[in-house]
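This report covers a sheet and a domain contact. Keep the structure open while reading.

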Amino acid sequence: MEELSHWIDGKEVKGTSGRFSDVYNPATGEVIARVPLATAAELDAAIQSAARAQVTWAATNPQRRSRVMMKFGALINDNMDKLAELVSREHGKTLPDAKGDVQRGLEVIEVCMGAPAMLKGEYTDNAGPGIDLYAMRQPLGVVAGITPFNFPAMIPLWKMGPALVAGNAMILKPSERVPSTSILLAKLAQEAGLPDGVLQVVNGDKEIVDAILDHDVIQAVGFVGSTPIAQYIYGRAASNGKRAQCFGGAKNHMLIMPDADLDKAADALIGAGYGAAGERCMAISVAVPVGQKTADALIERLVPRIEKLKVGPYTGGDDVDFGPVITKASQDRINRLIASGVDQGAELVIDGRDLKIQGYENGFFCGPSLFDRVTPDMEIYREEIFGPVLTTVRSDSYEDALKLVMDNDYGNGTAIYTADGDTARDFASRVNVGMVGINFPIPVPLSYYSFGGWKKSAFGDLNQYGPDAFRFYTKTKTVTARWFSGIKDGAALNFKALD
Ligand code: NAD
């Protein structure tokens, strides 16, 4: 059995706590490794060392820091297959989807290559007689990233790229279910020239998260995971005086208007509802057809498409559409929620329970399920299922459909399918959700915008990656300077680089 490590001071370091968490291959259901769970003392040593490394890193000029990102990006590209294989092995998603996971993280690193432009300050010449006023953006110090299982490459990269290039050191605490990708990313960052100690990967569970939240040296916490944990982390980090941005769960609705291209809408729902086994915070889990005719026509189009989906292991060939869910507990929970939907009166059009795949009988597979005639009081509507289960809530009018989205506790993403620009515009303007798609099912903003939901999908006021990330990972210092007239230096005639 492979025993995984932490990544401290530029090398793999075995855990000393004697506590471990099992890492599974969800396709086979086998334990493939065990990851050490750090103690508060191990964390403290990693933080103290990061704090020392951060001083020199912060003093390194921004263009040199961005050059590390350039090499890091090139190395991620060169190692795309290896990273994707690690993602798929521990998470279960298909290889093309795992490559997408790496790619969307890489795109954030690409923006970080141009970070000096975003880290520039402000300057007012002659703000008063002989007075100049300027504002600098300075790194925070040592910050922490705490990440979920569902994007083992992308979300650690969202966290580490902006934090590091802004001159911070980072303690990354990846999900204990998918720890290996973060270790490989840390190795690649070292190869790209990141000084040892600036990025420490400390594995662990709640014990280590609490120690991060209570540690005096940690200045900021970037969290992504489920809503109850996001809210807890936000509260505890804030009460300890730390900056925190904590992104939580989701229940994303897609409105399908009577004038929509229903084939395109159905295709979009298949990808957004069942891709990655529905384990995406931007998955569409609620289809909201407007009008009974639209609903009937939509279900008619969804059924044959769902029946064609192939579920299997990531090694199962190019035609596998999605893989297993992350754990046996998750599989059981999804099956229980499906049963609750049936009990509470929803119409189970396609039942994905009891899927068995030959040779993978112990894998954590759930087949695709489709519900029709779901109502907002049902548990399958209220809970984030985080599995391959698409629910349909029929709506009589656009206003009712909009109200449904607005009344939902979550506000991560939403989409509308329509041929009418006026309706689309009204929806985008009025809906209380952070990311909106118009004839676009998963509106994850590109890396030069920022990502974040509203309501119970996010706690804190700045979004992740893009311009907001550089604000989150820096603090502003404003200087008012007065220089009295005096001796001027002689001229410098040579033209040279500043570094
Ligand atoms: P999770 O909340 O169980 O775990 C996230 C992280 O928190 C992990 O590193 C875990 O070790 C840690 N953690 C778990 N329980 C803890 C506790 N009691 N105290 C302190 N730390 C704890 O989430 P998950 O199951 O890994 O990920 C799936 C969830 O993440 C879904 O709800 C999904 O919607 C959400 N998610 C949100 C976004 C977003 O940007 N909004 C993106 C991806 C995933």
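In what order do the 3 strands of the open sheet run, and is the pairing parallel or antiparallel?

## The open sheet

The model is predicted. The strand order is β6-β7-β23. The pairing is antiparallel, and the sheet is open.

The edges belong to β6 (122-128) and β23 (474-482). Each of these edge strands has a single partner strand, so one side of each is left without a neighbour in the sheet. From one strand to the next, the twist averages 20 degrees.

## Pairing of β6 with β7

Strand β7 covers residues 131-139. Its pairing with β6 is antiparallel and spans 4 bridges. One position can be located by residue: Thr124 has Leu133 of β7 as its bridge partner.

## Two domains

The domain assignment splits the chain into two parts. Domain 1 takes in 2-248 + 457-479. Domain 2 runs over 252-438. How far apart are the C-alpha centres of domain 1 and domain 2? They lie 31 Å apart.

## The domain contact

Domain 1 gives 17 residues to the contact, and domain 2 gives 22 residues. Which elements give two or more residues to the side of domain 1 that touches domain 2? They are α3 (80-91) and α4 (95-112).

The side of domain 1 that touches domain 2 mixes the residue classes. Polar residues number 8 there, nonpolar residues 6 and charged residues 3.

Technical notes:
Residues numbered from 1 in each chain as written. Predicted model: local features only at pLDDT ≥ 70, side-chain atom pairs only at ≥ 80, totals over all residues. Domains from an automatic or database assignment. Contact = placed C-beta atoms within 7 Å. Nonpolar A, V, L, I, M, F, W, Y, C, P; charged D, E, K, R; others polar. Pairing = 2+ DSSP bridges. Axes fitted to C-alpha atoms, helices over the stretch in contact; angles between N-to-C directions.
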